[in-house]
Amino acid sequence: MLTMETATREDWTDTNNRLARATPREILEWAVERFYPRLTMATAFGAEGCVLLHLLAEIEPRVRVFNLDTGYQFAETLELRERIAARYGIEVELVRADTTVAEYERQHDGPLYVSNSDQCCYDRKIVPLRRALVGYDAWITAIRADQSSHRAGAQVVGEDPKFGLVKINPLLNWTRRDVWAFIVTHNVPYNPLHDQGYASIGCWPCTRKVSAGGDERSGRWAGQAKTECGLHSLDSSQL
Ligand code: SF4
């Protein structure tokens with residue numbers, strides 16, 4: 001039965017059917033036409049995010065893009081932000097938690113990523129993300145369906161009930177190979193840590209190298225059941 005809330009939400013079925021075979025560029029063009037300027041994008045400067053930044057630079061470079069700067073990012077990731085700015089003229093905004101890492105670790109008698117990584121992700125990613133999305137109707141993410149069984153259930157466009165706006169995933173149907181082929185063809189800047197065996201790059205305390213051919217997200221929170229920081233999951237236990 002439709003509730004009042006779901007009845008007033010847009011049904012994205014037709015749009016998803018139409019965009020099912022669209023290219024990432026076509027999906028981004030649709031998103032810009034439909035939502036800009038109330039459209040934003042989050043990036044951790046992964047390979048996929050760099051592809052989207054390249055495309056946005058050509059389609060609409062004024063889309064506001066932000067990075068959740070937890071204070072625990074690799075130096076190489078922050079340097080990539082500078083290289084993106086130099087190449088595309090896009091200044092990715094750094095969105096930070098209320099406390100510095102030093103203040104946060106003082107409050108918790110040490111780094112929380114050791115004892116309670118869910119809480120650490122919540123405080124340093126989810127809370128700032130909620131704040132960053134205020135005032136926007138839609139956000140773009142760089143997830144791919146083949147990254148995990150959870151992400152395989154996503155759609156190109158749909159309501160994001162967790163954050164209360166529309167979520168658009170232009171690279172959902174691309175493979176890792178597609179992403180790297182694009183990067184090589186277009187000489188897109190990327191994080192040099194990828195060349196050192198880091199397949200998926202997050203905060204340095206929670207990111208490990210992955211053996212050749214291994215699950216690309218297995219280096220994130222290695223040794224824990226945790227697979228997502230909470231940005232792309234509906235599971236409240238991952239908050
Ligand atoms: Fe904290 Fe690790 Fe989550 Fe980064 S990935 S916010 S360091 S628990």
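In this predicted model, residue T77 touches A44, F45, N191 and I201, leaving out residues up to four places away in sequence. T77 itself sits in helix α5, which covers residues 75–88. With a relative accessibility of 2%, T77 counts as buried, because buried means under 20%.

One of the partners of T77, F45, deserves a second look. F45 is placed in the loop between β1 and α4, and its phi is positive, at about 65°, although F45 is not a glycine. F45 counts as buried too, with a relative accessibility of 1%. A positive phi also turns up at N187, again not a glycine, with a value of about 55°. N187 belongs to the segment after α10. Is N187 buried or exposed? At 58% relative accessibility, N187 counts as exposed, since the cut-off for that class is over 50%.

Another backbone detail is found at Y36 and P37, which are joined by a cis peptide bond with omega of about 10°. P37 lies in the loop that runs between α3 (24–35) and β1 (39–42).

Turning to helix packing, α4 (residues 47–59) and α10 (residues 176–186) pack with their axes 10 Å apart and at an angle of about 50°. That angle makes α4 oblique to α10. The crossing of these two helices, α4 and α10, is left-handed. On the α4 side, the contact is made by A47, E48, V51, H54 and L55, while α10 brings V179, W180, F182, I183 and H186. Sorted by class, the residues of this contact between α4 and α10 comprise seven nonpolar, two polar and one charged.

W180, a residue of helix α10, can be followed a little further. Setting aside neighbours within four places in sequence, W180 is in contact with A47, Y190 and H194. W180 and Y190 are 10 residues apart along the chain, and their C-alpha atoms are separated by 9.8 Å. W180 is partly exposed, with a relative accessible area of 23%, because that class lies between the buried limit of 20% and the exposed limit of 50%.

Finally, what surrounds the ligand? Nine residues do, and the closest are S117, C120, C121, C203 and C206. Helix α8, made of residues 117–133, gives the most to this shell around the ligand, with four residues. By class, the shell holds seven nonpolar residues, one polar and one charged.

Key: Residues are numbered from 1 along each chain as its sequence is written. This is a predicted model: local features need pLDDT of at least 70, side-chain atom pairs count only at pLDDT 80 or more; totals for chains, interfaces and linings use all residues. Side-chain values use heavy atoms; hydrogens and water are left out. Axes are lines fitted to C-alpha atoms, for helices over the stretch in contact, and angles run from 0 to 180 degrees between N-to-C directions. Angles under 35 degrees count as roughly parallel, over 145 as roughly antiparallel, 65 to 115 as roughly perpendicular and the rest as oblique. A crossing is left-handed if the near helix is turned anticlockwise from the far one by less than a right angle, and right-handed if clockwise. Contact means heavy atoms within 4.5 Å. Ala, Val, Leu, Ile, Met, Phe, Trp, Tyr, Cys and Pro count as nonpolar, Asp, Glu, Lys and Arg as charged, and the others, Gly among them, as polar. A residue is near a molecule or strand if one of its heavy atoms lies within 4 Å of it. Buried means under 20% relative accessible area, exposed over 50%, partly exposed in between (1.4 Å probe, protein chains only).
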